[in-house]
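Colleague: I'm new to this one, so could you walk me through some of the labels people put on it?
Modeller: Sure, have a look at it and ask away.

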Amino acid sequence: MTAAQIVRKVGVTGYPLSHTISPAFQQPAFDHYGISASYRPYPVTAEELPEFIAKLHEAEWLGLNVTIPHKEAVISLVDRCTPTAETIGAVNTLFKEGGDLVGDNTDAHGFLTALRTDGATDPAGKRVLVLGAGGAGRAVLVALAHAGASHITLANRHRERAENLLDSLRAALHAQETAVAGWQSAEVQAAATAADIIVNSTAVGMAKGPAPDESPLPPHVFRRDQTVFDLVYTPSRTRLLRFAQAGAARTLDGLPMLVYQGAAAFERWTGKPAPLKLMKAKAQAALGA
Ligand code: NAP
């Protein structure tokens with residue numbers, strides 16, 4: 001096989017991987033540049049992960065996206081992590097640099113780019129309520145700290161997870177006033193009303209998640225001049241966003257963030273600017289949005 005015929009491998013790993021839409025918007029980006037690469041889903045169990053990641057050192061591999069449940073486990077399997085991935089404590093992108101397999105996290109970048117570009121909202125100096133202390137919540141908190149939010153209130157169904165998260169990010173959140181509010185409490189409703197920005201980084205509202213068509217907040221907390229960002233992208237109009245819209249708040253769904261985190265990964269793998277318009281259109285088409 002000549003060099004011109006070699007198809008480089010790239011893709012996404014997680015388990016299970018039944019509803020990933022990453023191939024639908026990553027493959028067209030490679031095709032757009034005529035790069036001979038095939039972006040595929042690689043469902044891999046926790047037991048199979050070390051052997052699978054070791055294979056990435058082979059020249060045929062360009063890199064990989066990593067999703068639930070491997071974002072933390074993969075840290076011990078790479079040669080090094082970027083400072084962002086180290087601070088977040090999770091990896092969603094693997095790329096190669098100088099012979100090293102490097103773990104990066106592009107979720108914080110994707111979140112901030114979506115908030116600023118599509119949500120027309122700069123978090124600098126703003127009061128923010130974050131719902132959710134899982135992997136996405138960690139990336140959101142690091143992004144908000146980096147962007148200079150002034151106050152951050154965190155609420156999570158299991159309260160101690162929120163307390164532990166703020167504790168573990170104390171160094172990154174040194175310039176912020178932080179607080180934990182009880183899940184679905186009067187306290188979190190007051191924090192929502194006072195917030196300039198509300199972010200849902202829980203799985204509540206996901207069509208195939210644990211609480212489809214539920215909202216983590218009641219309708220009366222929303223108001224004009226607020227931005228409400230739901231990281232969920234299926235459906236694009238969650239109950240939370242419908243409530244926020246009825247309250248005249250600005251709303252933003254999870255699709256732009258998904259595309260921007262993927263676009264940043266594409267740029268690490270290829271060194272080329274991601275064709276954002278194309279990637280967004282393909283992601284929208286894949287979701288039927
Ligand atoms: P994760 O690490 O598994 O965390 C799940 C979060 O959802 C936790 O805060 C969990 O609370 C909460 N949760 C789950 N079921 C709940 C319920 N029935 N009631 C209340 N809270 C519940 O997952 P993740 O990676 O953080 O992802 C969270 C969401 O963000 C998902 O919808 C995912 O699709 C979305 N996301 C979107 C993007 C994007 O690019 N748009 C990127 C990453 C993630 P407990 O701790 O109390 O269990």
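Colleague: What makes Asp 167 partly exposed?
Modeller: Keep in mind that this is a predicted model. Asp 167 has a relative accessible area of 44%; the label covers values between 20% and 50%, so Asp 167 counts as partly exposed.

Colleague: And why is Arg 170 called exposed?
Modeller: Its relative accessible area comes to 55%. The cut-off for exposed is over 50%, so Arg 170 gets that label.

Colleague: How do you know that Asp 167 and Arg 170 meet in a salt bridge?
Modeller: Their N to O distance is 2.8 Å. The rule asks for within 4 Å, so the pair qualifies.

Colleague: What makes Arg 159 and Glu 163 a salt bridge?
Modeller: Same kind of check: the closest N and O atoms are 3.0 Å apart, and the limit is 4 Å, so that pair passes too. Arg 159 and Glu 163 sit four residues apart in helix H6, which means about one helical turn separates them.

Colleague: Which parts does the salt bridge between Asp 118 and Lys 280 tie together?
Modeller: The closest N and O atoms there are 2.8 Å apart. Asp 118 lies in helix H4 and Lys 280 in helix H10, so the pair joins parts 162 residues apart in sequence.

Colleague: How many salt bridges does the rule give?
Modeller: The count is 11. There is also a network of salt bridges linking Arg 80, Glu 97 and Asp 100.

Key. Residues numbered from 1 in each chain as written. Predicted model: local features only at pLDDT ≥ 70, side-chain atom pairs only at ≥ 80, totals over all residues. Heavy atoms only, no water. Salt bridge = Lys/Arg side-chain N within 4 Å of Asp/Glu carboxyl O. Helix = DSSP H or I, 4+ residues; strand = E, 2+ residues; numbered from the N terminus. Buried < 20%, exposed > 50% of the residue type's maximum accessible area, 1.4 Å probe, protein only.
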